[in-house]
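Hi,

Here is the structure I promised to pass on to you. Have a look at it first, and then read on for my notes.

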Amino acid sequence: MNTQRIFLLIAIFLTVFLLWDKWELTQTTDANGNTVTQTRIVATDSQDNAIDVPEVSDVPSAAVTIEDTTPSMDESFDQGPYITVTTDLLTLQISNKGGTVISAYLNKYPKELNSVEKLQLLNNNTGTIFQAQSGLLPADQMPTHHSEYSSEQQDYFLGDKSELIVPLIWKGDNGITVTKNYHFKPNSYIVEVDYQINNNSGIEQTVSSYTQLVRDRVADSGGMFGMRAYSGAATYNDEEIFEKIDFEDFDSTPKTTSKGGWAAMLQHYFFAAWIPNENKIHTYSTKSSNDKYLLTTVNPGLKIAPGNQATLLSNQLYIGPKEHARLELLAPGIDKTVDYGILYIVAKPLSVVLHWINGYIVNWALSIVALTFLIKLAFYKLSEKSFRSMAGMKKLAPRLQKIKETYEGDKQKIGKKTMELYKKEKINPAAGCLPILVQIPVFISIYWVLIEMVELRQTPFLYIPDLSMKDPYFILPLIMGASMWFQQRLNPPPADPMQARIMMMLPFIFTIFFFWFPSGLVLYWVTNNLLSIAQQIYINKKING
């Protein structure tokens with residue numbers, strides 16, 4: 001198989017991939033770029049179609065109750081009164097019913113470019129439900145996410161304080177009082193939740209806490225060869241196993257136990273996760289009902305003697321972006337929430353290097369250029385071998401054509417004379433195949449890295465307002481197409497006329513596809529093409545004297 005054919009196969013593969021990927025992106029999307037199934041459902045206190053919280057030893061289960069009705073689209077879950085908490089990074093709405101976080105805005109992330117409206121991750125609107133629930137077990141003695149709490153204030157502000165504690169009070173008929181505390185700190189997307197329990201019931205209580213993430217279904221990850229950003233659930237355990245759980249698998253996924261770990265609902269750029277105590281054993285499970293999907297964590301129990309007070313260890317709730325610097329410090333394995341596809345082992349190091357470069361350059365566009373240069377440098381010798389082979393083939397093109405004309409009609413003779421010429425000039429036409437194949441995983445991996453980087457979202461560069469969006473004037477895609485066309489001119493044309501026509505069309509096809517690709521990704525391709533052209537011109541001059 002000659003080098004041109006390898007190039008052609010790669011180009012066809014990329015063309016099919018880009019076409020499929022573009023088709024996937026035409027589906028209906030929400031503000032965060034996720035396809036949304038518009039389901040008209042509200043929550044009630046009916047016990048129909050209950051979804052049980054997993055049990056811990058002898059502790060009875062609490063229940064999520066969901067009833068299928070058809071309200072207008074502007075109706076939401078009936079959560080009643082709520083309090084508002086504002087920090088530098090988050091604006092949360094916490095319902096008095098269960099202390100559920102029913103809404104979360106990310107203050108540093110506009111919903112759209114130049115918009116004053118902030119991006120909403122957790123949501124209480126029908127069709128885009130996404131909430132963080134938590135409570136205590138047993139349900140007949142302790143407050144669950146259905147119980148009514150009271151609060152001294154309606155609004156809380158972190159301001160310049162080092163910590164803000166928001167208490168919610170529940171008083172049971174059995175003499176038990178529970179204070180559910182939410183802890184907030186500056187420059188943090190983490191919300192800590194703990195419980196102070198006064199047991200005046202006259203009997204010993206065995207109490208356990210649980211946490212849940214509940215949401216409507218969003219688009220399947222889909223995509224050719226799974227090459228699309230993942231939306232769904234994920235868990236991580238003490239055996240360092242990261243498991244994605246698609247929505248259709250919620251009812252068939254078995255319960256698991258782990259020391260530490262975490263449970264998260266993921267989407268492009270952002271996610272929410274409950275992170276329990278890393279030194280305790282926890283139970284993770286999933287269930288669904290009426291197009292609502294629940295990811296539940298149940299924590300170990302604690303015995304409280306009559307007349308005593310106890311504090312259950314805190315659970316951490318992360319509501320925020322997949323920022324590289326934050327994930328590295330958040331919890332073991334949580335960096336895997338960034339979807340690098342099947343080539344994680346290659347993409348993750350590339351991402352680390354890119355963030356390291358940006359630590360010095362402090363410009364994401366220039367960091368992409370620098371990373372591309374380092375990649376080309378790492379593959380310089382391999383590329384040189386490929387380019388030398390192509391340059392040699394181009395130099396021999398007139399002599400090869402003469403052989404075809406001299407022995408026209410005698411394919412065996414043409415083949416023999418051609419191989420003799422290759423041997424005499426010490427040229428292997430297949431020499432460029434392996435270097436190109438080796439680099440394919442890197443090309444695919446850098447695609448994943450740039451597609452998944454929340455840091456590129458709404459980041460400007462020169463005339464481009466957002467590196468995660470298409471070039472508004474299509475300048476970069478046109479440069480990319482021109483560079484691809486010019487690079488082809490440096491190589492000998494394929495011997496097969498059909499291959500030659502296809503190769504001539506590819507720069508135009510790729511240019512059209514790249515019109516809608518993120519500018520950061522197009523910048524990588526442009527830089528890579530320009531560096532390849534420079535290297536090939538240099539090698540051609542050396543060979544041709």
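The hairpin of strand 12 and strand 13 has five residues between the strands, and in it Asn187 takes a positive phi near 55°. Please keep in mind that this is a predicted model. The two strands of that hairpin, strand 12 and strand 13 (residues 190–199), pair in the antiparallel sense over eight bridges. Within this pairing, Val178 stands opposite Ile197 in strand 13.

The hairpin belongs to an open sheet of eight strands, and you can follow the order 11-12-13-23-19-18-15-16 with antiparallel pairing. At the edges are strand 11 (164–171) and strand 16 (242–245), each of which pairs on one side only. From one strand to the next, the twist averages 20°. As background, strands of a sheet pair through backbone hydrogen bonds, in either a parallel or an antiparallel way.

Let me walk you through some of the pairings:

- Strand 11 runs antiparallel to strand 12 (residues 176–184), and eight bridges join them. Leu164 stands opposite Phe184 in strand 12.
- Strand 13 also pairs with strand 23 (residues 309–321), in the antiparallel sense and over eight bridges. Here Gln196 has Thr311 in strand 23 as its bridge partner.
- Strand 15 and strand 18 are antiparallel too, with five bridges between them. The bridge partner of Thr235 in strand 18 is Ala263.
- Strand 15 and strand 16 pair in the antiparallel sense over four bridges. Tyr236 stands opposite Phe242 in strand 16.

Strand 15 (residues 232–236) deserves a second look: five of its five residues are buried, so it is largely enclosed by the rest of the structure. With strand 16 it forms a hairpin that has five residues between the strands, and Glu240 in the turn has a positive phi of about 60°.

Since you will probably be checking backbone geometry, here are some other spots to look at. Most residues other than glycine have a negative phi, and most peptide bonds are trans. Against that background, consider these:

- Tyr269 is not a glycine, yet its phi is positive, near 80°. You will find Tyr269 in the loop between strand 18 (262–266) and strand 19 (270–275). Its relative accessibility is 9%, so Tyr269 counts as buried.
- Leu462 is another residue other than glycine with a positive phi, in this case near 50°. Leu462 lies in the loop between helix 7 (433–452) and helix 8. At 72% relative accessibility, Leu462 counts as exposed.
- Leu137 and Pro138 are joined by a cis peptide bond, with omega about 5°. Pro138 sits in the loop between strand 9 (130–137) and strand 10 (155–157).

Tyr269 comes up again in the surroundings of Glu452, a residue of helix 7. Is Glu452 buried or exposed? Its relative accessibility is 2%, and being under 20% is what counts as buried, so Glu452 is buried. Leaving aside residues up to four places away in sequence, Glu452 touches Ala229, His268, Tyr269, Lys322, Thr337, Val338 and Asp339. The C-alpha atoms of Glu452 and Tyr340 are separated by 7.4 Å, although these residues are 112 residues apart along the chain.

Next comes helix 8 (residues 475–489), with 15 residues. From its first C-alpha to its last it reaches 21 Å, close to the 21 Å expected at 1.5 Å a residue. Which residues of helix 8 are buried? They are Leu476, Pro477, Met480, Gly481, Ser483, Met484, Gln487 and Gln488. Looking down the axis of helix 8, you would see these buried residues fall within an arc of 165°, so they line one face of the helix.

Finally, the overall figures. The protein chain has ten helices and 23 strands. Of its 545 residues, 54% are buried. Among contacts between residues at least 6 apart in sequence, 68% join residues at least 24 apart. The accessible surface of the protein chain comes to about 25,000 Å², and 57% of this belongs to carbon and sulfur atoms.

Happy browsing, and best wishes!

Methods. Residues are numbered from 1 along each chain as its sequence is written. This is a predicted model: local features need pLDDT of at least 70, side-chain atom pairs count only at pLDDT 80 or more; totals for chains, interfaces and linings use all residues. Side-chain values use heavy atoms; hydrogens and water are left out. The expected span of a helix is 1.5 Å times one less than its number of residues. Buried means under 20% relative accessible area, exposed over 50%, partly exposed in between (1.4 Å probe, protein chains only). The arc is that of the directions from the helix axis to the C-beta atoms. Two strands pair if DSSP finds at least two bridges between them. Axes are lines fitted to C-alpha atoms, for helices over the stretch in contact, and angles run from 0 to 180 degrees between N-to-C directions. Contact means heavy atoms within 4.5 Å. Accessible areas come from the Shrake-Rupley method with a 1.4 Å probe; for residues, only the protein chains shown count as cover.
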